[in-house]
Amino acid sequence: MCGRYVRSSTDELLASYFGVSYTPYPWTAPSFNITPQSTQPIIRLNPRTHKRELAPSRWGLIPSWAKDSKIGLKTFNARSEDIDTKPVFRQSLKERRCLIPADAFYEWQKITTKDRQPFVIALNSRQPFAFPGLWDRWHDQDGSILDTFSILTTSANALMAPIHDRMPVILSPTDNDAWLQSKEPPLQLLRPFDATQMLAWPVSDRVGNVRNNDPTLIEPITPRKRTLFD
DNA sequence: CCAGACGTTGTT
DNA sequence: GTCTGG
DNA sequence: CCAGACGTTGTT
DNA sequence: GTCTGG
């Protein structure tokens with residue numbers, strides 16, 4: 001997992017969809033090619049007020065006790081199957097769950113050893129949705145604060161299986177609140193999404209270059225290679 | 001007991 | 001902070 | 001994300 | 001130009 005995520009809606013739309021107020025900070029520009037180590041808006045409960053807020057956070061969770069930040073290079077995803085056994089996620093699972101808004105994500109299908117075909121995956125409805133996530137706050141040596149997050153993954157459903165063996169968990173809109181608010185972590189929500197409610201289509205290799213970030217990245221193409229869908 | 005690790009995927 | 005391995 | 005590297009051999 | 005490492 002898990003390709004790169006795409007967020008093609010404007011932040012105003014996403015914010016209103018998820019019931020959080022929109023603040024036009026620089027980090028809220030629409031993204032079409034979201035990558036680990038980049039800063040993204042997440043939805044969380046404010047640690048003091050316990051109200052929902054949209055907050056900038058870097059993809060790749062660094063636990064508060066980390067001596068240095070490089071553990072964040074390997075925590076962009078968290079496996080939901082055994083999430084409650086991992087020290088690195090334990091406190092965040094209990095106290096700092098979050099939502100990562102998106103309206104699609106990318107995944108790469110392996111064609112040969114070196115050759116891969118990127119796909120966009122979205123809901124039939126083309127509605128926005130949320131990945132369940134965990135976040136934590138880390139203080140670097142200068143004392144400056146860095147908020148970071150991980151996205152929960154699960155096994156591939158029937159739609160994803162031809163593309164990849166893992167996929168991000170997608171929450172039903174009606175479950176978003178439970179993920180944020182439940183006293184105990186609602187692990188039963190961490191399951192593959194209904195495959196009949198999802199679509200996938202091939203897109204240009206340009207998505208593989210992180211510098212490309214424009215709306216044409218998610219336009220369908222004719223696959224250059226024979227894929228498992230052919 | 002304490003030292004050392006703590007994570008995931010494979011285009012993250 | 002919390003767990004594992006020695 | 002982007003700075004920085006970008007090589008070879010491995011029984012010769 | 002493309003890949004890797006942090």
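A pocket, as the word is used here, is an open set of grid points where a 1.4 Å probe fits, with protein on both sides within 12 Å along at least five of seven lines. In this predicted model, the second largest pocket holds about 170 Å³ of space. Of the 11 residues that line the second largest pocket, those closest to its centre are K74, N77, A78, R79 and T153. Strand 5, which covers residues 77–79, contributes the largest share of that lining, namely three residues. Sorted by class, the lining of the second largest pocket comprises four nonpolar, two polar and five charged residues.

The largest pocket encloses about 300 Å³ of space. Its lining consists of 14 residues, and L45, P47, H50, E95 and R96 are the ones closest to the centre of the largest pocket. Helix 2 (90–95), strand 9 (129–139) and helix 3 (176–181) each provide at least two residues of this lining, and strand 9 gives the most, with three residues. The lining of the largest pocket divides by class into four nonpolar, four polar and six charged residues.

**Strand 10 and its partners**

Strand 10, which spans residues 145–155, has eight buried residues out of 11, so strand 10 is largely enclosed by the rest of the structure. As background to the pairings that follow, strands of a sheet pair through backbone hydrogen bonds, either parallel or antiparallel. The table gathers the pairings of strand 10 with strands 4, 5, 9 and 11, together with the sense and the number of bridges for each.

| Partner of strand 10 | Sense | Bridges |
|---|---|---|
| Strand 4 (residues 52–59) | parallel | two bridges |
| Strand 5 | parallel | three bridges |
| Strand 9 | antiparallel | seven bridges |
| Strand 11 (residues 166–168) | antiparallel | three bridges |

Individual residues can be placed within these pairings. On the parallel side of the account, W59 stands opposite F149 in strand 10, and R79 stands opposite T153, likewise in strand 10. Both R79 and T153 are also among the residues closest to the centre of the second largest pocket, which links the pairing of strand 5 with strand 10 to the description of that pocket given above. For the antiparallel pairings, the bridge partner of R137 in strand 10 is D147, while T154 stands opposite M167 in strand 11.

Strand 9 and strand 10 also form a hairpin with five residues between them, and in the turn of this hairpin G143 has a positive phi of about 90°. Strand 9 therefore appears in two parts of this report, since strand 9 pairs with strand 10 over seven bridges and supplies three residues to the lining of the largest pocket, with the strand itself defined as a DSSP run.

**The five-stranded sheet**

An open sheet of five strands has the order 2-1-7-8-12, and the pairing within this sheet is antiparallel. Strand 2 (31–34) and strand 12 (198–202) are the edge strands, each of them pairing on one side only. From one strand to the next, the twist averages 25°. At the edge formed by strand 12, five bridges join that strand to strand 8 (residues 116–123), and the two run antiparallel. Within this pairing, A122 stands opposite L199 in strand 12.

At the other edge, strand 2 includes S31. Is S31 buried or exposed? The relative accessibility of S31 is 12%, and because buried means under 20% relative accessible area, S31 counts as buried. Leaving aside neighbours within four places in sequence, S31 is in contact with V6, R7, S8, Q40 and N213. One of these contacts, S8, is 23 residues apart from S31 in sequence, yet the two are 6.0 Å apart in space, C-alpha to C-alpha.

**Positive phi outside glycine**

Two loop residues merit a separate look for their backbone angles. Q37, which is not a glycine, has a positive phi of about 75°; Q37 lies in the loop between strand 2 and strand 3 (39–45) and is partly exposed, with a relative accessible area of 35%. R126, also a residue other than glycine, has a positive phi near 60°. R126 is found in the loop between strand 8 and strand 9, and with a relative accessible area of 44% R126 is partly exposed.

Note on methods: Residues are numbered from 1 along each chain as its sequence is written. Chains are lettered from A and ligands numbered from 1 in the order in which they are written. This is a predicted model: local features need pLDDT of at least 70, side-chain atom pairs count only at pLDDT 80 or more; totals for chains, interfaces and linings use all residues. Side-chain values use heavy atoms; hydrogens and water are left out. On a 1 Å grid over the protein atoms alone, a cavity is a set of points where a 1.4 Å probe fits but cannot get out, and a pocket is an open set with protein on both sides within 12 Å along at least five of seven lines; lining residues have an atom within 4 Å of a point. Grid points are joined across faces, edges and corners, and a volume is the space filled by probe spheres set on the points. Helices (H or I, at least four residues) and strands (E, at least two) are DSSP runs, numbered from the N terminus. Ala, Val, Leu, Ile, Met, Phe, Trp, Tyr, Cys and Pro count as nonpolar, Asp, Glu, Lys and Arg as charged, and the others, Gly among them, as polar. Two strands pair if DSSP finds at least two bridges between them. Axes are lines fitted to C-alpha atoms, for helices over the stretch in contact, and angles run from 0 to 180 degrees between N-to-C directions. Buried means under 20% relative accessible area, exposed over 50%, partly exposed in between (1.4 Å probe, protein chains only). Contact means heavy atoms within 4.5 Å.
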